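Visitor: I would like to learn how to read the inside of a protein model. Where should I begin?

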Amino acid sequence: ILRWARDTQIEVNKNNQNSLAFIETITPHSPFNDLSESLPNYEIYDYNLSLPYYQLTNYLNQVKYNDKLIYDFLMEVTDKNSPYYLKDTLFILYGDHGNTLNKGAFEQLYQKDFTDFEYRKLLLNIPFIFYDPSGILRDSLDESKIDSILNQTKSNTDLYRTIINLLGINCDTNYYGVNIFSGEPTF
């Protein structure tokens, strides 16, 4: 699907058109099986986890595999010398939900005990990554740093407003959410 996205956007770029591409990838879900025999270049890493947490090992291997696919895609389409270079492109990566690892697996991974509340909070966390290869787009984050991590509670609902604010688009319609980079509390 990433190759298809790359090729589709190259055609759009050839015509100097603006576009929005929503590319959805789906990763395997629980029970997190060993996929080494069914996926090309899938490597198994031993995390020295105990046997009851084989799903955690499989989950971590799947995450590592998927991260490598996305990394390779981003490096290819942001390299100015690549035939697949996508100029003037903003990439937004996010998860639609957390994972279903059991509490013991998280405790093994973090090497600490979690209260039920802390565990539930971990299950709800998802990543939001805004990647602007040009480094031009900025908002209220510290502009002296290229990479910034925002540690605030935000919601998928906030994505729409954040995108239109980052791109400087005027919007007369009502919408829910806040600009993720504003510091405003979310709903």
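Guide: Begin with the core, and keep in mind that this model is predicted. In soluble globular proteins, nonpolar side chains tend to be buried together. Here the largest nonpolar core has 12 residues, including Phe 32, Leu 49, Tyr 53, Phe 106, Phe 114 and Leu 123.

Visitor: Which elements give two or more residues to this core?

Guide: They are helix H2 (54–78), H3 and H4. The largest share, three residues, comes from H4. Another core, of seven residues, lies apart from this one; among its members are Leu 2, Ile 10, Leu 74 and Leu 86.

Visitor: At what angle do the axes of H3 and H4 cross?

Guide: Helix H3 (residues 103–110) and helix H4 (residues 116–124) have axes that come within 10 Å and cross at roughly 90°. The two helices are therefore roughly perpendicular.

Visitor: Which residues of H3 and H4 meet?

Guide: From H3 come Lys 103, Phe 106 and Tyr 110; from H4 come Asp 116, Tyr 119, Leu 122 and Leu 123. Of the residues in this contact, five are nonpolar, none polar and two charged.

Visitor: Is Leu 123 buried or exposed?

Guide: A residue counts as buried under 20% relative accessible area. Leu 123 has 14%, so Leu 123 is buried. Leaving aside neighbours within four places in sequence, Leu 123 is in contact with Gly 98, Asn 99, Leu 101 and Phe 106.

Visitor: What does Phe 114 touch?

Guide: Not counting residues up to four places away in sequence, Phe 114 touches Lys 103, Phe 106, Glu 107, Tyr 119 and Leu 122.

Technical notes: Residues are numbered from 1 along each chain as its sequence is written. This is a predicted model: local features need pLDDT of at least 70, side-chain atom pairs count only at pLDDT 80 or more; totals for chains, interfaces and linings use all residues. Side-chain values use heavy atoms; hydrogens and water are left out. Axes are lines fitted to C-alpha atoms, for helices over the stretch in contact, and angles run from 0 to 180 degrees between N-to-C directions. Helices (H or I, at least four residues) and strands (E, at least two) are DSSP runs, numbered from the N terminus. Angles under 35 degrees count as roughly parallel, over 145 as roughly antiparallel, 65 to 115 as roughly perpendicular and the rest as oblique. Contact means heavy atoms within 4.5 Å. Ala, Val, Leu, Ile, Met, Phe, Trp, Tyr, Cys and Pro count as nonpolar, Asp, Glu, Lys and Arg as charged, and the others, Gly among them, as polar. A nonpolar core is a set of buried Ala, Val, Leu, Ile, Met, Phe, Trp, Tyr and Cys residues joined through side-chain atoms within 4.5 Å. Buried means under 20% relative accessible area, exposed over 50%, partly exposed in between (1.4 Å probe, protein chains only).
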